[in-house]
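Student: Please take me closely through one part of this protein, the sheet with mixed pairing, and then show me what lies around it. I would like one connected account.

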Amino acid sequence: MPRSGLSRFGQLLLPILYQHRLLSTGQLHRLLTPHTARPVYLLRKLGELRGLGLAESTDRRTSRMGRCEQLWYITPLGCEVVEAGGEIQARSYRITPKAAASQLQEHTLAVGETGLVFCEWARRYGDDCGPLDWEPELAHRVRDGESRIGDDAFLIPDAVLRYTRTSEDGRRQMMTFFLEIDRATMEVARLGGKLSTYARYSSYFPRPPGRRSRVATREAWRERYPAFPRLLIVLSGASAAALERRVDDLRALAAADSRITAGGHLRAGVTTIRLLAEHGPFAPVVTPVLGDPKRTDVRLAAMSEVPAGR
């Protein structure tokens, strides 16, 4: 079915499901129809997509208060329709009904929630961060040689998010973030290991194919980004006190890792989804992973380095 046969809202909705894999009705409501009290129109359009075989839903495994929350995902036919449109980058990953109903639900929803919080605050600030401005699991090579996705030759952030901040005097600051989402289910040592991999990527010089004796003259990340993205680790899934201890442990691990402390391009900070949602990304909600533990905002820069904001 061509995209031209979809309603305007359906044409907006389908690429979002394609890119973000799994979103709840509530998340889609906040993202696309926040001006309405209830998602009646949204549900009607989702039902139309399901009737056309382009989208499907499953129940959330841990619905709160006994309520059955619907989670929405795109079907293989829906993927074909989006990819035929050529408007967003095609992805090889296909979510299956089994994967949509699996234990991966909560992590996928948490990644979507983080992007959604940025979008909601961008709407309040008058900044630019829309429904397609974060992409999950983009692979970045960090080692030469034969390899495949999933081994230590690749860094795969939970998402890459792009955000443009507009100051009161009209200046615009374009930022890119690597997002790592931790629901307090991962060992802190493993999280520290991921920090080290980000540091490795920040200084990785690839070898051009067929030239084993020569190394590229600039880092691999410069082919994709104008500046090295800031790393933002977003915590949830435990009490505020437990998450504070997690922050302290992560900072201690980072301070003991020479690759992370060596300097370079990596700027990393840690926050919680609650702090982000309640106060916004440009409030002091982020604890730097290295150095002074005083909270700053997501720009992770000294105040003298930060352009005036709202």
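Tutor: In this predicted model, six strands make up an open sheet with mixed pairing, in the order S4-S7-S8-S9-S10-S11. Its edges are formed by S4 and by strand S11, residues 287-288, and each of these two pairs on one side only. Within the sheet, strand S7 (residues 159-166) is antiparallel to S8, and eight bridges hold the pair in register as DSSP counts them. One position to find on screen is Arg162, which stands opposite Thr176 in S8.

A helix lies over part of this sheet. Helix H8, residues 240-255, lies across S8, strand S9 (230-235), strand S10 (268-272) and S11. The direction of H8 is at about 145° to that of S9.

Two strands of the sheet also take part in the largest pocket, which holds about 670 Å³ of space. The pocket is lined by 25 residues, and those closest to its centre are Leu104, His107, Thr108, Glu137 and Asp158. Strand S4 (134-136) and strand S8 (172-182) are among the elements that give two or more residues to this lining, along with helix H6 (105-125) and helix H7 (188-202). The greatest contribution is that of H6, with four residues. By class, the pocket lining has eleven nonpolar, six polar and eight charged residues.

The largest cavity is a separate item in the count, and Pro136 is one of the residues that line it. There is one cavity of 30 Å³ or more, and the largest cavity contains about 90 Å³ of space. Besides Pro136, its lining includes Leu17, Tyr18, Gln19 and Arg21, as well as Ile74, Cys79, Arg91, Tyr93, Arg94 and Ile95. Seven of the cavity-lining residues are nonpolar, one is polar and three are charged. Helix H1 supplies the largest share of that lining, three residues.

H1 leads on to the other sheet. Here three strands form an open, antiparallel sheet in the order S1-S3-S2. Strand S1 (23-24) and strand S2 (55-59) are at the edges with a single partner strand each, so one side of each has no neighbour in the sheet. S1 runs antiparallel to strand S3, residues 70-74, and is joined to S3 by two bridges. Ser24 has Leu71 of S3 as its bridge partner. Helix H1, residues 8-20, packs on this sheet and touches S1, S2 and S3, with its direction at about 95° to that of S3. Helix H3 (residues 40-51) lies across S2 and S3, and runs at about 45° to S3.

The two helices also pack on each other. The axes of H1 and H3 are 10 Å apart and make an angle of about 75°. Angles of 65 to 115 degrees count as roughly perpendicular, and H1 and H3 are therefore roughly perpendicular to each other. H1 makes the contact through Phe9, Leu13, Leu14 and Leu17, while H3 uses Tyr41, Leu42, Lys45, Leu46 and Leu49. By class, the residues of this contact are eight nonpolar, no polar and one charged. Leu17 thus appears in two places, in the contact of H1 with H3 and in the lining of the largest cavity.

Conventions
Residues numbered from 1 in each chain as written. Predicted model: local features only at pLDDT ≥ 70, side-chain atom pairs only at ≥ 80, totals over all residues. Heavy atoms only, no water. 1 Å grid on protein atoms, 1.4 Å probe; cavity = no way out; pocket = protein on both sides within 12 Å on 5 of 7 lines; lining within 4 Å. Points joined across faces, edges and corners; volume = space filled by probe spheres on them. Nonpolar A, V, L, I, M, F, W, Y, C, P; charged D, E, K, R; others polar. Pairing = 2+ DSSP bridges. Contact = heavy atoms within 4.5 Å. Axes fitted to C-alpha atoms, helices over the stretch in contact; angles between N-to-C directions. Parallel < 35°, antiparallel > 145°, perpendicular 65-115°, else oblique.
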